[in-house]
Amino acid sequence: MSKINLLPPVLERYELKYQIPWSYVEPISDFISLYCDLDAFSVKTKADNYFYKVGSLYFDSPGYEFLKQRIGGKEIRFNMRTRFYGDGDKGPYFLEVKHRTGASGVVTKYRATAEAHQWPCILTDPAFRPPESDAHDEKTNKELFLRLATTYAIEPKILTTYRRRAFFSTIDEYSRVTMDVHMKYRVQDDYNLLTTYGMTHYDNETIYATNTKSGDASVVLELKCLVGEVPYWMLDLIRTFELQHSGFSKYASATLVSHFDNGDWFMPLDRQSYFDLLDD
């Protein structure tokens, strides 16, 4: 079983994001090979250069409260999504709440599992209750997600996919490196998770900042580790490749691309101002 399915139901960590050129992918993979192994999903996708498919259905309130908090730079904020692996045609699916404290850079991730037969009734059936057979933390996280869903009257907003090469540390309690490429999105107003149709690609010049030496930032690199336990090899990685921290939100970025491309942007900002905010 992949370690990705063995993540604890509540995980408090740092998430450091960098936009890097494709030419950095193999050198960075080689650099961290002394400290990390590919996760099981990447191992299974050797034929695809160790990149596997990840998808997320993002939710927001009718008035885009979560997005407004992100754009406004609110230090304490959260978002809600359903995460899945592959084409979206098979469960399990993972209900996730990511709570961010901006001042400290700490992200707390709450994750619960929705089995295939529970989707989407877990969100659409007002009578749904977590099964009594669920473990305590699993049940607690489901109840948290459903309580927030009701409080904010959440709606499906956008479906995103990308390809990921991922590593887990072999020497730390928990450290993780991921590299994401080939971002796609689809505006979404229902609970259909199938990603084999209607997806629009967005890449370098469309959304990414060009703040690397080559001027090409087509890969999102993310370093993740437990709070207060940043490994020395991660710091060495940052120094060696002269990485420059850059904020990046798949939900916000896909929504930006969608609304600007369709001439229907609803935020009081021009496009460049929004890029600047994402890079903060």
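1. A strand, as the word is used here, is a DSSP run of E with at least two residues, and strands are numbered from the N terminus. In this predicted model, Thr108 has its place in one such run, strand β6, which covers residues 106-114. Thr108 counts as buried because its relative accessibility is 10%, and buried means under 20% relative accessible area. Once residues up to four places away in sequence are set aside, Thr108 touches Val10, Leu11 and Glu12, and also Val97, Lys98 and His99.

2. For the protein chain as a whole, the secondary structure comes to 9 helices and 10 strands. Buried residues make up 52% of the 280 residues in the protein chain, and the chain exposes about 12800 Å², of which carbon and sulfur atoms supply 51%. Among contacts in the protein chain with a separation of 6 or more, 72% are accounted for by residues 24 or more positions apart.

3. Which residues of helix α1 (residues 25-32) are buried? They are Val25, Ile28, Ser29 and Ile32. These residues cover an arc of only 105° around the axis, and therefore lie on the same side of α1. The background is that an α-helix has 3.6 residues a turn, so residues three or four places apart point the same way. The cover over the buried residues of α1 includes the strands β1 (10-20), β2 (36-38), β7 (155-169), β8 (175-187) and β10 (219-226), together with helix α7 (232-240).

4. The largest nonpolar core has 23 residues, and of these Phe59, Met80, Trp119 and Phe145 touch the most other members. The elements that give two or more residues to this core are the strands β3 (52-60), β4 (76-85) and β5 (93-101) and the helices α4 (121-124) and α5 (136-151). Of the contributions to this core, that of α5 is the most, with 5 residues. As a general tendency, nonpolar side chains in soluble globular proteins tend to be buried together.

5. Phe145 can be followed further through its contacts, leaving aside its neighbours within four places in sequence. Phe145 is then in contact with Phe59 and Met80, both of which are, with Phe145, among the core residues that touch the most other members. The remaining contacts of Phe145 are with Arg81, Leu95, Glu96, Val97, Leu123 and Ile154. One of these, Val97, is also touched by Thr108.

6. Two cis peptide bonds deserve a look in the model. One joins Gly91 and Pro92, with omega about 0°, and Pro92 has its place in the loop between β4 and β5. Another runs from Trp119 to Pro120, with omega near 0°, and Pro120 has its place in the loop between β6 and α4. Trp119, at the start of that peptide bond, is one of the core residues that touch the most other members.

7. Two residues with positive phi should also be checked by eye. Tyr64 is not a glycine, yet has a positive phi of about 60°, and lies in the loop between β3 and α3 (65-71). His182, likewise not a glycine, has a positive phi of about 55° and is found in strand β8. Are Tyr64 and His182 buried or partly exposed? Tyr64 counts as buried because its relative accessibility is 15%, whereas His182 is partly exposed, with a relative accessible area of 43%.

Methods:
Residues numbered from 1 in each chain as written. Predicted model: local features only at pLDDT ≥ 70, side-chain atom pairs only at ≥ 80, totals over all residues. Heavy atoms only, no water. Buried < 20%, exposed > 50% of the residue type's maximum accessible area, 1.4 Å probe, protein only. Helix = DSSP H or I, 4+ residues; strand = E, 2+ residues; numbered from the N terminus. Arc of directions from axis to C-beta. Contact = heavy atoms within 4.5 Å. Core = buried A, V, L, I, M, F, W, Y, C linked by side-chain atoms within 4.5 Å. Areas by Shrake-Rupley, 256 points an atom, 1.4 Å probe, with all protein chains shown as cover.
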